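Q: I am new to this structure and would like a close look at a single part of it. Please choose one, walk me through it step by step, and then show me something elsewhere in the chain to set beside it.

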Amino acid sequence: MNATTPLHLLGAPSAHDADPLETAEWRDAFLALYATAGPERARQILDSLAQLARAQRVGWQPDLNTPYVNTVAVQDQPLFPGDLAIEERLASLMRWNALAMVVRANQAYGELGGHIASYASAADLFECGFNHFFRAREGTGPGQHRGDLVFFQPHSAPGVYARAYLEGRLSEQDLMHYRQEITAPAAGAQGLCSYPHPWLMPDFWQFPTGSMGIGPISSIYHARFMRYLTHRNLLDCMHRKVWGVFGDGEMDEPESMSALTLAAREGLDNLVWVVNCNLQRLDGPVRGNGRIVDELERLFAGAGWNVVKLLWGSDWDGLFARDLTGTLARTLQATVDGQMQTFAAKDGRFNRDNFFGQNPELAALAQGMTDEQIDRLKRGGHDLVKIHAAYAAAAAHRGQPTVILAHTKKGYGMGQAGQGKMTTHSQKKLDADDLIAFRNRFQLPLSDEQVTGLAFYKPADDSPEMRYLRERRAALGGALPKRHTACDVVPVPAVGQYAQFALQADGKEMSTTMAFVRMLGTLLKDAPLGPRIVPIVADEARTFGMANLFKQVGIYSSVGQRYAPEDIGSVLSYREALDGQILEEGISEAGAIASWTAAATSYSVHGLAMLPFYIYYSMFGFQRVGDAIWAAADQRARGFLLGATSGRTTLGGEGLQHQDGSSHLVAATIPNCKAYDPAYAGELAVILDAGMREMMVEQQDVFYYVTLMNENYAQPDLPAGAAEGVLRGAYVFERHTPATPAAGAPAVTLLGSGAILTEVRQAAVALAAEGIAATVVSVTSWSELARDGQACEQRWLAGQPAGTPWITALLQATEGPVIAATDYVRAVPETVRAWMPEGRRLVTLGTDGFGRSDTRAALRRFFGVDAQAVVGAARAVLGG
């Protein structure tokens, strides 16, 4: 709380109290206990009474909401450790430079967009963190701090750029090219991206947060992954924090809320969220008819988080101290957010009349205050002293994650141009009067001409402000945000050491999923690489044949295993362990992909390369969490996504929602994702080997999506010399000629991938029996073939030697029309149509439409991708 509010004043007596005198006696007794024995004893008595009430089935439980005042009382605030005046001046300068950056861009072009109001509300929240809490990476040597992880509210990016400008990390030319990433280089500048995007600013931003909700869930799983690294003795992360600054409107996203209980269950006291409660979404109030702070307090407290409310600035302390009747606290408690937003948008006179004028007690509190003083009453999120107290409490808390609910004004300081207004989120232009008012509000050292000209301001290098800025960051390890990429190379074993059974399969029957799990089990035993592998599964590890890994490497648990599993006597019994290696995330694809991202970016975030393998039902990957995969791509993830039971006809009985016909189409849209659909274990081995070397040895910023099947069929040896074709996307697998070949006999070329390649091979045999020569091409990656063709075309358009696309050259060595069949929608094989050799017709077969429940054979017949359909297509095209 601010000044300690007398407990007997915080709640008004009930109007239905049957015995007010007895109630008063109970209250006085509790206050006496508190005064003589202290808060710990008071809590013990309350706990005891609550247990007694439950035992008697009274039907009561404590309200999860606390009074609408600050959690950290005035007497509990630590001394502010910095120079308050300098920090306030620096925050004002950054507000100005951020505003000038956005307004300049839109005055010049009018179409670039950008945001002013969000950073105006969060500036002090950021600055307190920058000056006192956010640790940067000192290095990766012994005893060096490897840095905190900070997730920045995306619409506040201009403010982070403004700070980097003062630090000398960005130039004035860079700021002048905000949201002009293409045109900036011609002016010798770096274009500044709209929101945090590591792909576009790879040395600056660490985490993409522009897609609402992805940042919050990602921060939780990063905090948990740091514990995972510590418990597995790979890297000590115990002195590092994860800080996330998010918006109250962002909390509406299901991803923001979906992992709160995991953070509490795991006791992630290395995690601090700062929810910027400016009470406003993009169009208006977050909870106009309610109170978002109360709602979030109940939600987080119920989930097991430590909640710190940061509501009122230091100027309110005196008001609370003089409020002997508790009227102020009760009135604030009763004011809904829509009305609070109105108070934010209006001036001191309005607030005197309409807030303090609600009753004589409030009016008396405002006596002696000018309208300007009332107007300047700060909400907690704009008071550096209060923010520091809240942050310090959060950083010191143990055993739980902490959320700080910081009350701010959206568009703080923008006055009539935007403070608290419904339109403030879209405010990108200010007129001269508004700019001068902003200058005056924050006492900026700018002339009228500089203000109206939107001049950036940077104090002299030897000024107290600049010295202070540098000293504070030096004390915390250096500049931030900053993305690092240096990490040690991790050697990868020769493919024959773990996949010889797949390369020389000799016709043994197995599924590619089983082949993968067998390879993974052997890779986990490799001394250099094995400890860096992170197997991840959302659920149904047994479905994917991973039960044998339970005993081999264990399932990670932050508390070990406190029970004897039902199957303890089984060879494949369930085993959890503090140093377990498997991350089994339960039924949460969003959580599993967040874990995968944490592991896949460990090389950058922690300077320790890890190699995650996340296996899941392919339908629940790109279709369900595609936005999270895109965010992982943005932050240059390295790892494997394994889409098991892939395709529309392999998971026969499951039906419409489980059958994947589109994941390869979506994967192809992500530039740094290499997508493969191997039919055979030998092809899979080549792909895994190449991917591991590309990511762990060459340290390329790519990740692989590989689809796997649960269908058992004979696995052939990998043909000699096929490896290059496997990786480039296609190779000639076999040729079938009629028993009595005749001159001029018809011929076709059949392309197939994944599970449908077996149907294509059967069709080739049937066609040869009819006197039609058939060449079978195994397509391992439609998207790699298409990208190669597009690259050739781009070179041709640029007037450069184009080269020949791989698929074109491959097909030039075959004959006849081309039939392509896959277990995916026809748009997947259609991606290579442009690179057919001249005069060669292409017919594509796919599984368009909704899935069905039936046998594999019935499904393939229904969709027209079985051997019979391929034969029919060949006859038709040859006959036409």
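A: A short definition helps at the start: a helix here is a DSSP run of H or I with at least four residues, a strand is a run of E with at least two, and both are numbered from the N terminus. With that in hand, let us start at Thr512, which is found in helix H23, residues 512-523. Please keep in mind that this is a predicted model. The protein chain averages a pLDDT of 93, and 96% of the residues score at least 70. Residues 1-10 have a pLDDT below 50, although this stretch has 40 contacts in the model beyond near neighbours in sequence.

Is Thr512 buried or exposed? The cut-off for buried is under 20% relative accessible area. Thr512 has 0% relative accessibility, so it counts as buried. Who surrounds this residue? Leaving aside neighbours within four places in sequence, Thr512 is in contact with Pro678, Ala679, Tyr680, Ala681 and Leu684, and also with Leu708, Met709, Tyr713 and Gln715.

A record gives this part of the chain a name. The UniProt annotation, from an unreviewed entry, reads "domain: Transketolase-like pyrimidine-binding" and covers residues 510-715. Over residues 510-715 the chain is 33% helix and 17% strand. The C-alpha atoms at the two ends of that stretch are 7 Å apart.

Now look at the sheet. An open sheet is formed by 6 strands, in the order S10-S7-S11-S12-S14-S13, with parallel pairing. Strand S10 (583-584) and strand S13 (673-676) stand at the edges; each has a single partner strand, so one side of each is left without a neighbour in the sheet. S13 pairs in the parallel sense with strand S14 (residues 703-707) over 4 bridges. One bridge to look for starts at Ala675, whose partner in S14 is Tyr705.

Helices lie across these strands. H23, where we began, lies across strand S7 (533-537), strand S11 (611-617) and strand S12 (640-644), and runs at about 155 degrees to S11. Helix H29 (681-697) lies across S11, S12, S13 and S14, running at about 165 degrees to S14. Just before this region in the sequence you can find helix H22 (residues 495-503), whose buried residues are Tyr498, Ala499, Phe501, Ala502 and Leu503. The buried residues of H22 pack against strand S6 (509-510), H23 and H29.

For a contrast with Thr512, find Ile568, in the loop between strand S8 (555-556) and strand S9 (576-577). Ile568 has 53% relative accessibility, so it counts as exposed. Its C-alpha atom is separated by 29 Å from that of Leu529, 39 residues apart along the chain.

Next comes the nonpolar packing. The largest nonpolar core has 91 residues, and Ile220, Trp273, Phe300, Trp305 and Trp596 touch the most other members. The largest share of this core, 9 residues, comes from helix H8 (residues 214-231). Trp596 has contacts with Ile536, Pro612, Tyr614, Ala632, Ala637, Gly639, Phe640, Leu641 and Phe703, leaving aside neighbours within four places in sequence. Apart from this core lies another, of 89 residues, with Phe620, Met696, Leu718 and Ala774 among them.

Finally, here is the other sheet to set beside the one above. It is open, and its 5 strands come in the order S1-S2-S3-S5-S4, with parallel pairing. At its edges stand strand S1 (149-151) and strand S4 (306-310), each with a single partner strand, so one side of each is left without a neighbour in the sheet. From one strand to the next the twist averages 15 degrees.

Strand S2 (residues 242-247) pairs with strand S3 (residues 271-277) in the parallel sense over 6 bridges. In S3, Phe246 has Val275 as its bridge partner, and Gly247 has Asn276. To S1, which runs parallel to it, S2 is joined by 3 bridges; one of the pairings has Phe151 with Gly244 of S2.

How many residues of S2 are buried? The count is 6 of the 6, so S2 is largely enclosed by the rest of the structure. In a regular strand the side chains alternate between the two faces of the sheet. In S2, Val242, Gly244 and Phe246 point one way, while Trp243, Val245 and Gly247 point the other way, and all are buried.

Terms used
Residues are numbered from 1 along each chain as its sequence is written. This is a predicted model: local features need pLDDT of at least 70, side-chain atom pairs count only at pLDDT 80 or more; totals for chains, interfaces and linings use all residues. Side-chain values use heavy atoms; hydrogens and water are left out. UniProt positions are given in the numbering used here, feature names are shortened, and annotations may be inferred rather than shown by experiment. pLDDT is the predictor's confidence in each residue, from 0 to 100. Contact means heavy atoms within 4.5 Å. A nonpolar core is a set of buried Ala, Val, Leu, Ile, Met, Phe, Trp, Tyr and Cys residues joined through side-chain atoms within 4.5 Å. Buried means under 20% relative accessible area, exposed over 50%, partly exposed in between (1.4 Å probe, protein chains only). Two strands pair if DSSP finds at least two bridges between them. Axes are lines fitted to C-alpha atoms, for helices over the stretch in contact, and angles run from 0 to 180 degrees between N-to-C directions.
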